[in-house]
Amino acid sequence: MKKSVVFLIVSIMLWSCANNNPLKNGACEGVNLQCEYLNNPLGIDVLSPRLSWELSSEAKGKSQSAYRIIVASNLELLNKNKGDLWDTKKVVSDQSINISYEGKALTSRQRCYWKVMAWDEKDGASEWSEAANWEMALLDENDWTATWIEAPQVYSWPQFKSDVHNIKRAAKRKTYDAAPYLRKEFKVEKEVVKARAYISGMGLYELSINGAKIGDHVLDPTYTNFDNRVHYVTYDVTAQLQQGENAVGVHLGNGWYNVDSRAVWGYNKAPWKDRPTCLLQLEMEYSDGTSSTVITDESWKAFPSPIVYTDIRQGEKYDATKESPNWNTTDFDDSDWAAVRTKSGPKGVLKAQMMPANKVMRELTPVSVKTPKAGVHIVDMGQNMAGWIQLKVKGKKGDVVKMKFGEILDEKGCLDQYNINRHHRETEFQVAEYTIKGDGEEVWEAKFTYFGFQYIEIEGYPGKLTTDDITGRVVHTSFDQAGAFSCSNETVNKITHATEWAFISNFLGYPTDCPQREKNGWTGDAHLSAETALLTFKPQSSYTKWLYDCQDAQSEEGILPGIVPTCGWGYALGDQPTGYGPAWDGAYIWVPWYMYLYSGDEEVLRTHYTNMKKSIAFMESNAKDNILDIGLGDWVFINTYAPSALTGTACYYDLTMKVSQIATILEKPNEAEQYASQAKAIKKAFNKTFYKANEKTYAGSEQTSLAAALYFDLVPTDDKKEVAATLADVIHKNDGLLDCGVLGAKWIPHALSDNGHADLFYQIATDKRYPGWGYWLEQGATTLWEDFNIKSLDNSRNHMFFGDIVHWFYKELAGIRPDEQNAGFKHFYIKPYYEKSLDFVTAEHDCLYGKIRSEWKKNENSVEMLVEIPANTTSTVVLPKGDVIINGKASNESKDIIESKIDEELQYFKFGSGVYSIQIN
C-alpha cells in the first residue's frame, strides 16, 4: 500500500510539472548540446565532428521540423549570430542527433563555438540554445615538436644509493625500476590567456603543475595496442600557470606498456614492451598575441619515485621513506637528479582520447574489520568493486603494511585468491605494500594499478585498524548513468544492482571480463553485455574507442582475437588457428549494430563496414555447406552443451543478416542483396542440419539450441509457436531451471518472452535455486559472477557476460524497446509484460533525444501507467485488451493519440512527446 501511495504521489508531481512548466505552451529550446557524445570537449581529432542536442518542451506532441546551427570561431561572433565557420541556415529536417559538421575546414587547436535553433511541428522557432563549444586536437604529426623521453635505468643513476628493491617472483630477478618522476622548470613572463597541455605517458601518467595534480583522471591514457595507436589527453591548464617561475612534473607508471608479471596472455613479452616514456607539449598563448611552448626534451630531469614497484596485475609497492617533498614545485633542488634520455617512443599513431576518462567515481566505507588470526586484518567492503583503497596509518619509520586484495574468504576467514590467480606465474598477485615514513598520520592509495576485490587482507598495521582507516575508491570510465530500473521484487532489484556494478567494474577504458584475474577485453563479454550497457549507461564514445581497437586487432584474414586490445594472444584457440569463432568475433558486428539501434549512429557502421565484410568472408571461408563450426560455443554451460556447429551457424546467419541490414542503411543495395541471399542459404542449411520438424525441436533439444533458433528467427514461421512450446517444456522438465552457458543466458530470455512465455523466464530470473542469478545473490553476490557453478576453479566473482538479463528487465517488465526502423529511439515502443506477482515497475532511459519513462502499478481492477516521451520522438504504447483512459479521458475521446489500432490480443496507441497517465481496466 505504501509503495502504491508513493507511486501515485510521484505521478501527480510529474503531471503537475508538465502543466506548470513555462515551456508547456509550445515553446521549445535546444539543450544538452554534445559533440561526439561529449559535452564541451577538448581534443577532437575527427575532421567533421557530429553534433547533437535535445529539445526541451513539456508540451505534448513537440517535434522538430527544421534546425539552424551556427558555428563561430569566437564567442563574440556567436553572440551576434554570425557563423564564420558554419551557418547551416534553416534546414528542413527532424534530425537532431549525429549531424556532421560541414563548414570550413577545421585546423589544429581551433576552438569552435556553436548553438542551435529549432523549428517545431508548427514551424514555430525556438530561442537560440545556450552556447556550447569543442576544441580541435593536434591534427597533424607535424604539430608535435615534443620528443619522447624516459628516465635512465636504475643501475645508470650515479645518485641512486638506496638498496635494490627485491620483488617476489617465481623466477629470480634482481632489480626493478621505480616509477620515475620527471620534471622541468620554466618561466612565464607575460599574461597567459590560454594554455593547453597535450600529454601521453606510456603506460600511465599523472601530470602536475606547480605542485597540483592536473585534472581528476586516473589510469590515463586508456589502453590500446601501442603499436597501432597511442592516446594523448588535452588539458586546459590556463589557471594552473603563474607569472614567473613554474614547474611541471610527470609521474610515470608501467600500465600495459611495460608489464612485468608473467601470465598466459604473454604481456611480459608484448611487442611494444619498453620502459615508461612521456610526450608532453605545453602551449601557452599570451595577451599580447605571442606564444611559447614547453616540450619534453633532453632538458628535463628524472629521479626514482617512492613507487618502487608497479604492475597492472600484480600490484604496487610504495616506500614513503623515499619521498621527495615538493618535487613538482619550483621550491625544489633537483641538482642530484639525472638527465633524461630522448627516444623514438611507441610505434602507434598519436590519437586524441575522445572518451570519458577513468576516474574515482565514488567512495565506500567498509562494513567490517575482523581479525581471523593474530596480526591479520580482513576488511570487508560489503561490495565487490574495481579500484583501490585509501589507507590511513601512523607508525614507525620503516614499518611495512602489506595488503592483499581478493573476492572470497577461506573457511578460517582469511583471504583466498584461488579463483583469480590461477593463470599467473608469480608468487604475488593483487598486492600492495606501504612502507611508513613515521611522520604522523600518513595517507596512501594506489596510482598505477587497480584491483578487483571485496576483501582486503592487511598485515603489519600498527595499532588497531578500524573502518575509519579504510576508504574504498571505486574506479571506472566516467560515462554518465543513462537508466534506472526498480520494481516490487527485491531479487530483481538486487540483480539490477549486481549487473550495474559488474559493468562499471569491467570498464576502465575498454570492456573487460573481470577486474582482477585478467583485465582482458574479451569480445564475447563485450557484445553479450552491450544492450544492458547502452540502456543503463552512456558508453557510446567508449565503445567507439574500443571498436577502433577491434579494427587495429583484426587480422588480414578477418580473425578477431579473443581479447581486444591484445599483445598478440587470442588469434588461435588451442591448436585451432581460426580463433574464437563467430560467437566471439561477432562482437565486431553486434556492438556497432547496437550502437546504431540505441544511438542512431550510422557513422560507426560506415567506419567499420569493410571490416565487417572481412569478418563474414572469413566465416564463409571456414564454413562447410554453410555450417560453421569453429571457436567457442556456449561457454561455461551447466550440464548440457549445445552443439558448437549449431550455435556457430546461428551466429553466422545473424551476423550475415546484420551486414545486409547495414548495407541497406549505408545505401549499398547490391551488397545488401548479396548478404541477404547468403543468409538465406545459411538459414536453409541450418534447418536442414539441425531441425527435427516432426518433433518441433533442434539438435538434441538443448535449451540453448532451441533458443538460438528462436532468437535469431531461424525457425520456419509456421512452427515458431510449437518450437517455443518445446523450449518451455524442456525447461519445465528441468524443474524450471536453466541448463545453458553464456550464449543461452542471452538468447533464452528473449526466445521465451517473444513467443508468449515471459512468465516462465520471470520465474527463472527470480528463482533462488542453483543455477541462476538469484542463487548467486543467496551466496552473497553483489556483482555478477563468471559461472553459475560457484565451485568452479575459475569462477570470477565480478563478470559481466551474464548481464543481458537487465536488458530483459527494461524490455519486458518496463516495456522500453527501440524500433529498428527508427533507430536511436526516434520512434520506440512501450510494451510491458505485466507480471502477475509484481505490484509496480518503474524505469527510465535517457536516450539522445531525452528521457524515456515507463512506470506501471496495479490496483484492484486496473493497471495505472505513466509514460514519458521526449520531444522530437514518438512512441507506440502497446496494451492488453480493455478499457483505456488517457489523461482522464476514454481513449476514443483522447486528442493525444496520433493513431491507434487493435488486433486479436493487443491495442496500439501512438503518441507524440509528453507525459501520459494511462489506466487500463
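Q: How do I read burial at Cys847: is this residue buried or exposed?
A: Cys847 is buried, with a relative accessible area of 4%. Buried means under 20% relative accessible area, exposed over 50% and partly exposed in between, using a 1.4 Å probe and protein chains only. The model is predicted: local features need pLDDT of at least 70, side-chain atom pairs count only at pLDDT 80 or more, and totals for chains, interfaces and linings use all residues. Residues are numbered from 1 along each chain as its sequence is written, and side-chain values use heavy atoms, with hydrogens and water left out.

Q: How many disulfides are found in the whole structure?
A: A disulfide is a covalent bond between the sulfur atoms of two cysteines. The cut-off is a pair of cysteine sulfur atoms within 2.5 Å. The search of the whole structure finds zero disulfides. For Cys112, the nearest cysteine sulfur belongs to Cys35 and is 8.1 Å away. Cys112 is buried, with a relative accessible area of 0%. For Cys847, the nearest cysteine sulfur is that of Cys28, 16 Å away.

Q: Which strands pair with S27, and in what sense?
A: Strands (E, at least two residues) and helices (H or I, at least four) are DSSP runs, numbered from the N terminus. Two strands pair if DSSP finds at least two bridges between them. Strand S26 (residues 368-373) pairs with S27 over four bridges in the antiparallel sense, and here Lys370 stands opposite Ile378. These two strands form a hairpin with two residues between them, and Gly375 in the turn has a positive phi of about 80°. Strand S33 (residues 451-459) is joined to S27 by eight antiparallel bridges, with Met385 opposite Phe453. Strand S34 (residues 470-477) shares five antiparallel bridges with S27, and Trp388 stands opposite Arg473. Strand S32 (residues 442-445) runs antiparallel to S27 and is joined to it by four bridges; Val393 has Glu442 as its bridge partner there.

Q: Why is S27 described as largely enclosed?
A: S27 spans residues 376-393, and 16 of its 18 residues are buried, so the strand is largely enclosed by the rest of the structure. Helix H14 gives a second case: twelve of its twelve residues are buried, so this helix is also largely enclosed by the rest of the structure. Among the buried residues of H14 are Lys746, Trp747 and His750.

Q: How do I read the order of strands in a sheet, and which strands are at the edges?
A: One open sheet has six strands in the order S14-S13-S16-S11-S19-S22, with antiparallel pairing. Its edge strands are S14 (212-213) and S22 (338-339), each pairing on one side only. Inside the sheet, S13 (residues 204-209) and S16 (residues 244-253) are joined by six bridges, and Ile209 is opposite Val248.

Q: How many salt bridges are there, and what does the one between Asp87 and Arg68 tie together?
A: A salt bridge is a side-chain nitrogen of Lys or Arg within 4 Å of a carboxyl oxygen of Asp or Glu. The whole structure has 57 of them. In the pair of Asp87 and Arg68, the closest N and O atoms are 2.7 Å apart. Asp87 lies in strand S5 (residues 86-87) and Arg68 in strand S4 (residues 64-72), so the pair ties together parts that are 19 residues apart in sequence. Both residues, Asp87 and Arg68, are buried. Glu76 forms a salt bridge with Lys80 at 3.5 Å, N to O, and Glu76 is exposed, with a relative accessible area of 52%. A network of salt bridges links Arg111, Glu135, Lys194, Arg196 and Asp236.

Q: What is the volume of the largest pocket, and what is that of the largest cavity?
A: Rolling a probe the size of a water molecule over the atoms shows where empty space is left. On a 1 Å grid over the protein atoms alone, a cavity is a set of points where a 1.4 Å probe fits but cannot get out; a pocket is an open set with protein on both sides within 12 Å along at least five of seven lines, and lining residues have an atom within 4 Å of a point. Grid points are joined across faces, edges and corners, and a volume is the space filled by probe spheres set on the points. The largest pocket holds about 1100 Å³. Of its 33 lining residues, Lys658, Tyr711, Asp754, Lys811 and Glu820 lie nearest the centre. The largest cavity has about 120 Å³ and 14 lining residues, with Leu204, Leu219, Tyr223, Trp256 and Leu508 nearest its centre.
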